[in-house]
Amino acid sequence: MTGIILLGPPGAGKGTQAKKLTEEFGIPQISTGDMLREAVKNGTELGRKAKAFMDSGGLVPDEVVIGIVKERLAAGDCAKGFILDGFPRTIPQAAALDRVAEELGKEIRFVLSLEVDPDELMERLCGRRTCTGCGAMYHVKFRAPKEDGKCDKCGTALIQRDDDREETIRKRLENYNKATAPLLDYYKTTGKIRSVMASGEIDAIYGNIVKILR
Ligand code: AP5
Ligand code: MG
């Protein structure tokens with residue numbers, strides 16, 4: 001198995017499904033959102049560049065994101081494969097990925113388009129909680145932790161993401177429709193795109209993804 005792209009709007013379940021794939025297949029999840037949030041938390045130069053864009057629900061400039069993905073894909077743990085979660089997100093990012101993959105001798109095998117009724121996305125994002133320790137993801141209604149506000153896996157406190165506020169979510173959804181949805185057409189001619197019905201039970205959706213990959 002080589003490279004997989006998870007494509008889908010905010011709240012589609014990219015992170016949730018990527019984590020399950022990582023556990024089962026032992027290939028890394030490359031989430032540009034997680035990498036950028038980590039940089040913001042650590043106050044690095046990258047974090048300082050990205051913060052305002054992220055807080056307003058906008059997209060971080062292409063050259064910044066392309067740079068971090070290029071570096072990440074060259075790491076040894078991507079040799080067997082990788083799961084791109086939240087990248088590419090614009091046509092220039094997709095074109096850059098094609099170039100980088102060729103340079104590094106990597107192949108994108110599948111582009112999985114996670115499809116969810118847009119009305120579900122707001123509720124998913126408003127109720128999301130994330131573990132600050134291990135990154136596990138929860139939902140107050142759909143995937144509640146055993147103990148309120150505490151991670152089942154490592155016991156660390158759960159937080160709500162800064163950009164999971166209704167107004168910011170709306171901006172993120174607008175940006176998805178404007179900048180990212182056109183990628184469906186970009187990949188259409190490659191024969192790599194597969195639609196995944198991403199409403200319903202998390203495990204059932206995962207089962208369908210695994211069927212496609214095998
Ligand atoms: P990023 O972190 O990538 O956020 P996003 O794309 O908005 O996607 P999310 O992480 O919000 O959703 P998800 O699809 O991962 O859903 P999840 O699995 O968590 O990016 C954040 C920001 O960083 C961007 O706005 C931008 O500023 C910047 N950025 C990142 N990458 C960039 C790039 N390439 N270029 C430029 N800027 C970039 O699920 C959501 C919730 O729903 C969870 O609570 C989960 O438990 C629940 N859930 C999941 N599946 C189900 C289900 N089947 N049923 C019910 N609930 C479910
Ligand atoms: Mg995510």
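## A guided look at ligand 1 and the cores

Visitor: Which helix gives the most to the shell around ligand 1?
Guide: Happy to start there, keeping in mind that this is a predicted model. The elements that give two or more residues to the shell are helix H1 (14–25), helix H2 (32–42), helix H6 (118–126), strand S6 (137–139) and helix H9 (202–213). With 4 residues, the one that gives the most is H2.

Visitor: How many nonpolar residues does the shell around ligand 1 have?
Guide: In total, 35 residues surround ligand 1, and the closest are Thr16, Gly58, Arg89, Arg128 and Arg172. By class, 11 are polar, 8 are charged, and the nonpolar ones number 16.

Visitor: What share of ligand 1 does the protein bury?
Guide: Let's begin with some backbone atoms. An oxygen atom of ligand 1 lies 2.9 Å from a backbone N or O atom of Lys14, and a polar backbone atom of Tyr138 is 2.7 Å from an oxygen atom of the ligand. Taken alone, ligand 1 exposes 1000 Å², and the share of that buried by the protein is 97%.

Visitor: Which helix gives the most to the largest nonpolar core?
Guide: That core has 25 residues, and Leu73, Leu84 and Leu97 have the most contacts inside it. Among the elements that each supply at least two of its residues are strand S1 (3–7), helix H4 (62–73) and helix H5 (91–104). The top contributor, with 6 residues, is H4.

Visitor: How many residues does the second, separate core have?
Guide: This core includes Ala18, Leu114, Leu173 and Val196. Its number of residues is 24.

Conventions
Residues are numbered from 1 along each chain as its sequence is written. Chains are lettered from A and ligands numbered from 1 in the order in which they are written. This is a predicted model: local features need pLDDT of at least 70, side-chain atom pairs count only at pLDDT 80 or more; totals for chains, interfaces and linings use all residues. Side-chain values use heavy atoms; hydrogens and water are left out. A residue is near a molecule or strand if one of its heavy atoms lies within 4 Å of it. A polar contact is a pair of N or O atoms within 3.5 Å; within protein, one must be able to donate a hydrogen and the other to accept it, and residues adjacent in sequence count only if both atoms are side-chain atoms. Accessible areas come from the Shrake-Rupley method with a 1.4 Å probe; for residues, only the protein chains shown count as cover. Ala, Val, Leu, Ile, Met, Phe, Trp, Tyr, Cys and Pro count as nonpolar, Asp, Glu, Lys and Arg as charged, and the others, Gly among them, as polar. A nonpolar core is a set of buried Ala, Val, Leu, Ile, Met, Phe, Trp, Tyr and Cys residues joined through side-chain atoms within 4.5 Å. Buried means under 20% relative accessible area, exposed over 50%, partly exposed in between (1.4 Å probe, protein chains only).
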